[in-house]
Each structure stands twice: as structure tokens, then as C-alpha cells.
Amino acid sequence: MILKIIIAALLFFFGTGAHAEKENITLNFVNSDIVSVIKAVGQITGKNFLIDPRVKGTINIVSSKPVSRALIYPILLSALRLQGYAAVESNGVTKILPEADAKLNYTQTTGSAPPAGGEIVTQVYVLKHQSAAQLIPVLRPLISPNNTVAAYPNSNTLVITDYADNLKRIDRIIDAIDQPGDDAVMIELHHASAIDVAKIISRLTSTSSAPGASNEPGQHVSVVVDERTNSLILDSTNTSRVAMLKRLVEKLDASTGDMGNIHVIYLKNADAGKLAQTLSAVVTGEPNAPTPGTSMRPPPQSSGGASGSPSSSPSSSGAPGSPVASSSSPSSSISSGPSMSSSPALLQTASLAPSGPGSGMIQADAATNSLIITAPEAVYNNLRAVIDKLDERRAQIFVEALIVEVDASKAASFGIQWQDLNGVTQAGTNVIGGTNFGTPGVNTNIMSAASNISSVGQGLNIGIVKGQINIPGVGTVLNLGALASALETEDNANILSTPDLLTLDNEQAKIVVGQNIPLVTGSYAQTGTTATITPFQTYDRKDVGLTLQIRPQISEGGSIQLQIYQEVSSVDATTLNNPSGPTTNLRSIDSTVLVDDGQIIVLGGLIQDSVAENISKVPVLGDLPYIGNLFSFKNRTRTKTDLMVFLRPHVLRNESGYGKLTSDRYDYISGEQLKTQMSRSFMLPDIKAPVLPPLSTQQPK
């Protein structure tokens with residue numbers, strides 16, 4: 001091997017004269033050390049090599065005939081490539097290193113035609129017509145596994161690192177592929193609707209729904225509708241497929257020869273009755289009938305029937321024995337606007353009356369929620385474009401109302417009462433006496449306290465008893481001489497109500513949670529000797545509890561306008577036995593607000609703080625300093641009420657929005673049910689409380 005190296009070196013030195021570059025050299029390296037061969041080539045070509053320590057092994061380079069000096073370096077690169085090594089040139093130095101690491105080192109980068117040779121080069125291709133990402137599967141098999149090819153979609157650019165001679169071939173392949181395709185074809189329709197024809201073409205060209213359909217990009221056809229010109233735009237790289245679809249469109253655009261074509265349009269989201277009214281107003285130029293305003297206040301309560309008697313009131317004839325009517329709260333008749341049930345034809349059909357040969361008619365079929373349009377093609381095409389815009393899926397709004405009420409009340413009372421009953425049992429004229437302040441809840445009657453010690457009011461009661469006295473007509477009672485009472489109370493209430501409501505955009509919704517109580521509106525009493533008419537009373541029923549009524553409207557900017565009526569009512573427990581009927585406590589808000597999606601807004605509230613003091617005392621004696629406390633009774637109360645109403649709307653535009661919300665509420669209720677399960681008992685049977693089944697997301701088979 002040393003002899004061969006010496007021979008190669010001698011050949012180099014013999015050719016250093018004026019004609020050395022024209023001399024040919026015969027190469028004969030058999031099982032030679034790679035490093036030694038590289039050094040010999042460096043002596044012959046004058047190149048500087050930097051050899052990686054991992055470059056090891058033997059190499060075979062044999063030429064049957066002498067070769068020129070210009071071919072020696074390319075021959076070496078080819079031999080190294082067969083051994084898994086590559087050369088990278090940078091700054092006048094050629095690095096010899098393993099092929100897998102060559103792409104990580106500095107390489108010559110060019111955007112023009114790649115240089116010739118076997119060194120590693122990085123080439124940048126800016127494509128003009130085809131997609132860089134779609135070319136990667138085509139070029140990847142043609143590039144060495146240790147080298148890279150990548151696409152940058154933003155500038156539609158390919159970056160390839162490979163051998164320079166291989167990039168020459170890839171350059172020609174990219175030039176052949178990156179050619180401009182045929183321009184899109186625009187087909188103007190004269191009779192049919194471009195929207196309807198586009199749906200038919202889309203079904204034919206769909207590659208995802210049909211089983212076994214080809215998913216190759218060349219088979220895909222883009223179909224775009226130009227509503228302004230009633231035209232179709234077809235675009236595809238497959239010209240034959242575009243030509244086939246163009247012929248099909250021309251056949252579908254044939255005239256039927258009838259000026260009054262009938263078309264049926266099935267709506268997906270919009271209401272056919274309301275949409276028919278809108279379209280009729282657009283075509284005729286007449287304004288649509290105004291919709292009666294809807295108040296957010298709840299409608300008046302309907303009057304119920306009499307207890308145990310017909311609901312209608314008999315008329316008074318004034319004859320003897322006729323019932324005399326005495327109304328405690330006369331009811332008034334309130335006329336309301338047209339309802340959905342009172343005029344179904346208004347929402348189910350709307351027609352466009354013919355006004356000439358070119359006019360038509362629009363009707364709605366409520367059973368199938370579809371529109372029937374009889375109109376010339378030009379009018380129908382315009383209406384079809386409007387219908388597609390109005391028949392969009394409407395968003396839903398989920399509203400959370402937070403009603404927070406905090407009540408805190410404190411009361412304190414203290415007083416002393418005196419009594420002397422010693423003279424009750426003595427004969428003749430005697431004097432008895434005592435103080436009785438009649439304070440509610442403490443000691444309403446000291447005489448009753450004397451007869452029954454258990455009737456003394458709440459709190460601390462300390463008294464002086466002087467035995468028992470027999471009072472005629474009353475019996476034996478305690479001789480209570482003095483009674484001191486002290487009481488302090490503190491009541492706290494924290495109430496949080498969170499009614500939730502889900503409704504469509506611009507649709508009114510209402511939720512009522514409470515009771516429906518009867519209120520007396522009138523009574524009838526029987527007079528005279530007639531016994532055939534039975535007295536009775538009339539009632540009116542009223543919802544008492546929590547009421548939330550909303551109408552949301554989503555603006556283009558994303559904010560939500562809410563018309564709100566919120567009411568919290570309750571029955572005053574102290575008036576349940578009132579002859580004129582119980583009293584109801586009412587807190588309501590009727591307002592229109594603007595709020596962003598998911599944000600909390602305060603609607604209003606009440607902050608009330610009241611303080612009261614009550615003093616009962618004996619005249620003159622109660623005004624004396626210090627001693628006056630023995631002849632008085634004092635009561636102080638403080639009541640503080642905080643009430644706030646908050647609102648938070650959420651816009652739900654698709655299935656994922658309301659699906660997540662439903663799942664969250666469903667899991668919450670299911671968890672609350674699990675908490676109510678009864679614990680196991682040794683003596684009692686195990687009875688399971690009912691729970692919700694798991695919420696399944698699978699579609700039924």
C-alpha cells in the first residue's frame with residue numbers, strides 16, 4: 001500500500017511542469033486506506049481536505065486507461081458516496097464526513113441552477129403554479145434517505161439538500177411539473193338557479209361521501225357560485241372533468257318554456273311562514289305588517305272559577321231573592337294582541353298576489369317548513385340567493401341569572417313590670433294594681449302570666465312570686481309581684497337563586513319557579529227567601545315565586561342586547577288569614593341592557609337599612625333618672641337588606657357549545673343525586689334513590 005501511495009505521489013510530481021495539466025493519470029487503488037487515497041487526490045488536485053475521524057475503511061479506484069486530472073476529484077466523490085461518506089465545500093476547504101451529518105454542516109446554498117459535481121448542496125425552489133407541499137411526496141423517493149426536502153407554504157417554496165448531480169435531475173422534474181394549469185371556467189346560467197345547480201354538481205364531485213370515490217387532487221373540482229350574475233365557476237386541474245361538468249350544466253340550464261315555474265325550497269333553520277311574509281314584502285315593495293309589540297311583563301293572570309260553582313258570574317236581575325254581588329277586588333278585562341294560535345294562517349301562508357304576466361306567488365307549507373315559489377326565473381334566482389342568506393343556523397343564548405339576597409336583623413328588649421294582687425281576696429274596698437306594657441312577644445298580659453307561668457314571653461324572665469291567690473271566676477293563680485324581661489334576637493338569611501334559561505337569538509323565553517296561589521276577586525251572598533242559588537266566591541290565580549323572562553339579540557360586533565323582566569315575589573306569612581286576601585311581596589326589574597358574551601352585568605338591586613326604637617313607660621315615674629328604668633320597657637330593632645341581580649349570557653353557535661354546557665349541567669345534577677343516597681343500615685332495607693343514567697354521546701343505532 002505504501003508503494004502505491006509513493007507511485008501516486010511520483011506521478012503528481014512528474015506532472016508539475018508547464019504541460020502537467022494536459023497529462024492523464026492512471027489510477028490504481030486496490031483495498032487502499034481511504035485517508036491515504038484522499039491525501040493522494042489532494043496532492044494531485046491541489047484541494048485542501050478536512051477529514052472527519054469517523055471516516056475509516058478501504059477503497060477501490062481502478063482505471064483501465066489514464067484519465068484527466070479534472071475527473072480525479074469527481075471519481076473520488078463517487079467512490080466516497082458508495083462508502084456512505086460525502087464532501088462539503090466551505091471557504092476553500094472540503095470536509096469529508098459521514099453522509100448523515102453532511103446536511104447539518106455549512107453547504108453551498110443557491111436559488112439558481114445547481115452546480116455540477118458530487119458534493120452536498122442546498123437548493124431553494126420558488127414554485128409559481130403548483131403547491132410545494134403537494135410536491136414533497138413526488139420528490140421524496142428521488143432524494144437520498146439521509147438528505148432532506150421541506151416545504152414552506154407561506155412563500156410556496158421547496159428547500160432540498162442533496163448531491164449536486166442529483167439536484168440537476170430534480171431541477172428538470174420541478175420545471176416540468178410547475179406549469180400553469182387551465183384557467184377557471186365561468187358558466188352563466190339563463191334559466192336555472194346557480195345555487196340549485198351548484199348543489200347538484202357538488203354531489204357529483206364529492207369525494208368524501210361516496211364509497212370508493214377517488215380522493216386524488218386531480219379529480220377534485222371546485223364549484224363557486226356568483227349570485228350577482230347567476231353564474232357557476234368551475235376550477236380543476238383535470239380539464240376533461242371540467243368539460244364534462246360544463247356539458248352537464250348546459251343541459252340543466254334548459255328552459256322549460258313555462259313563465260310560471262314552480263319551485264319548492266325546504267328550509268333548514270328559518271320559519272317558512274315568517275320568511276314567506278318577508279319575501280312577499282320584498283317582491284311587492286309593500287312594507288311588511290308590523291308585529292304587535294310584546295311586553296316583557298307577564299300577561300295578566302286568568303280568572304279561575306268559583307269554589308264549588310260555575311266559573312261564570314250570574315247576571316243580576318234585581319228580582320227578589322236574586323243574589324247580591326259584592327266585589328272586593330273587581331277584575332278588569334285586558335285585551336291582548338294576536339297570538340300564535342289565534343291566527344295560524346298569518347304564519348303558515350303568505351302569498352304574492354299577481355300584478356301582471358311576469359308576477360308570481362310565494363306560499364309557505366308549515367307541515368314541511370318549506371316555501372313554494374311560483375315566479376319567473378329571474379325573480380326566483382334573486383329570491384333563492386336571499387333565502388340562502390336568511391336560512392342560516394341561528395345562534396342560541398344561555399343566560400345565567402344570579403339573584404343574591406342577604407337579610408340581617410337584630411332586636412333587643414328590656415323592661416320591668418309590677419303587680420299587686422294581695423287585696424283581691426279581702427272583703428270590702430281594696431286596692432290592686434300593676435303595669436302592663438303589652439309588648440308583643442315579651443309579655444302581652446301580666447294577668448295571664450300570673451295565671452300560667454308558661455305564658456311569659458321569650459328571653460330571660462326574673463320575677464317575684466308571693467304564693468298563690470284564689471281569684472273568684474279565675475281560680476288559683478300565682479301572686480306575681482314583679483317581672484323583669486330581657487330578650488335579644490339576631491336573624492340572618494343568605495339566599496342565592498340562579499335561574500338558567502336557553503333560547504334562540506331574538507326569541508322570547510320565560511321560566512317560572514314558584515306557586516300559583518288563589519286570590520279572592522268577588523263574593524256572592526244569598527238574600528231573601530229563595531233557596532235555589534248557592535253563595536260562592538270567584539278567584540284569580542297569581543304566580544308567586546321567581547320569574548325570568550328574556551328576549552336576546554346578538555349584534556354583528558358580538559355584543560348581546562337583552563330585554564329582561566325579572567321578578568321575585570313571596571306571600572307575607574302574617575297576612576295569610578286576612579279576610580281580604582294575603583299580601584304579596586314583589587321585587588321586579590324591567591330593563592334593556594347591552595352585555596358582551598360571557599361577561600357579568602348587574603341589572604339593579606336594593607340596599608335598605610332601617611332602625612327602630614320603641615319605649616313604653618309609666619307617666620312621670622318612667623321619666624325619673626335611673627329609677628325610671630324600673631317603670632319602662634324598651635325595644636330596639638335594626639333590619640338590613642341587600643338585594644342584587646346579576647346576569648351573564650353565553651352565545652352558543654354550534655353543537656360543541658351547547659353540548660359542553662349540557663354535559664356540565666347533567667353531571668352536576670347527577671352528582672347531587674348521588675349525595676342523597678341513603679347510607680346502609682343494619683336494621684333497615686337498602687333502598688336506592690333514583691339517579692340519572694350516564695350521559696352517552698353515542699348516536700342510537
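**Exercise 1. Find out how far to trust residues 440–451 and the rest of the chain.**

Start with the stretch itself. This is a predicted model, and over residues 440–451 the pLDDT stays under 50. Even so, the model gives these residues 35 contacts beyond four places in sequence.

Next, look at the whole protein chain. Its mean pLDDT is 74, with 72% of the residues at 70 or more. Strand β17 (residues 324–326) marks the low end with a mean of 37, while strand β24 (residues 500–504) marks the high end at 90. Residues 9–21 also have a pLDDT below 50, and that stretch has twelve contacts in the model beyond near neighbours in sequence.

Finally, decide what to do with this. Where pLDDT is low, predicted coordinates shouldn't be read in detail.

**Exercise 2. Describe how helix α2 meets helix α3.**

Step one is the geometry. Helix α2 covers residues 34–45 and helix α3 covers residues 72–82; their axes come within 10 Å and cross at roughly 160°. Angles over 145 degrees count as roughly antiparallel, so α2 is roughly antiparallel to α3.

Step two is the handedness: the crossing of α2 past α3 is left-handed.

Step three is the list of residues. From α2 come I34, V37, I38, V41, I44 and T45, and from α3 come I72, Y73, L76 and L80. Sort this α2–α3 contact by class and you get nine nonpolar residues, one polar and no charged.

**Exercise 3. Work out the sheet that holds β12, β13 and β14, and place the helix on it.**

Begin with the order. The sheet is open, has three strands and reads β12-β14-β13, paired antiparallel. At the edges sit β12 (185–188) and β13 (222–226), each of which pairs on one side only. From one strand to the next, the twist averages 20°.

Now zoom in on one pair. β13 and strand β14 (residues 231–235) are antiparallel and share five bridges; across from V225 you'll find L232 in β14.

Then add the helix. Helix α7 (residues 194–205) packs on this sheet and touches β13 and β14, with its direction at about 175° to that of β13.

**Exercise 4. Do the same for the sheet that holds β15, β18 and β19.**

The order here is β15-β19-β18, again an open sheet of three strands with antiparallel pairing. Its edge strands, each pairing on one side only, are β15 (262–266) and β18 (361–365). Neighbouring strands are turned by 20° against each other on average, direction ignored.

For the pairing, take β15 and strand β19 (residues 370–374): five bridges in the antiparallel sense. One spot to check is Y266, which stands opposite S370 in β19.

Two helices come next. Helix α9 (residues 272–284) lies across β18 and β19, at about 170° to β18. Helix α11 (residues 377–390) packs on the sheet too, touching β15, β18 and β19, and its direction makes about 5° with that of β15.

**Exercise 5. Explain how α7 and α11 pack against each other.**

Take the numbers first: the axes are 8 Å apart and the angle is about 65°. The range for roughly perpendicular is 65 to 115 degrees, which means α7 counts as roughly perpendicular to α11.

Then collect the contact residues. α7 supplies I195, D196 and K199, and α11 supplies Y380, R384, A385 and D388. By class, this α7–α11 contact has four charged residues, three nonpolar and no polar.

**Exercise 6. Trace the pairing from β26 through β27 to β28.**

Start at the hairpin. Strand β26 (residues 536–554) and strand β27 (residues 560–571) run antiparallel and are joined by nine bridges. Five residues separate them in the hairpin, and G558 in the turn has a positive phi of about 100°. To get the register, match I550 with its bridge partner in β27, I564.

Move on to the next strand. β27 is joined to strand β28 (residues 584–595) by twelve bridges, antiparallel once more. Here the bridge partner of S569 is L586 in β28.

**Exercise 7. Locate N156 and list what touches it.**

N156 lies in the loop between β10 (148–152) and β11 (157–163). Measure along the chain and A133 is 23 residues away, yet the C-alpha to C-alpha separation of N156 and A133 is 7.8 Å. Setting aside neighbours within four places in sequence, N156 contacts Y125, V126, L127, Q130, S131 and A132.

Notes
Residues are numbered from 1 along each chain as its sequence is written. This is a predicted model: local features need pLDDT of at least 70, side-chain atom pairs count only at pLDDT 80 or more; totals for chains, interfaces and linings use all residues. Side-chain values use heavy atoms; hydrogens and water are left out. Axes are lines fitted to C-alpha atoms, for helices over the stretch in contact, and angles run from 0 to 180 degrees between N-to-C directions. Helices (H or I, at least four residues) and strands (E, at least two) are DSSP runs, numbered from the N terminus. Angles under 35 degrees count as roughly parallel, over 145 as roughly antiparallel, 65 to 115 as roughly perpendicular and the rest as oblique. A crossing is left-handed if the near helix is turned anticlockwise from the far one by less than a right angle, and right-handed if clockwise. Contact means heavy atoms within 4.5 Å. Ala, Val, Leu, Ile, Met, Phe, Trp, Tyr, Cys and Pro count as nonpolar, Asp, Glu, Lys and Arg as charged, and the others, Gly among them, as polar. Two strands pair if DSSP finds at least two bridges between them. pLDDT is the predictor's confidence in each residue, from 0 to 100.
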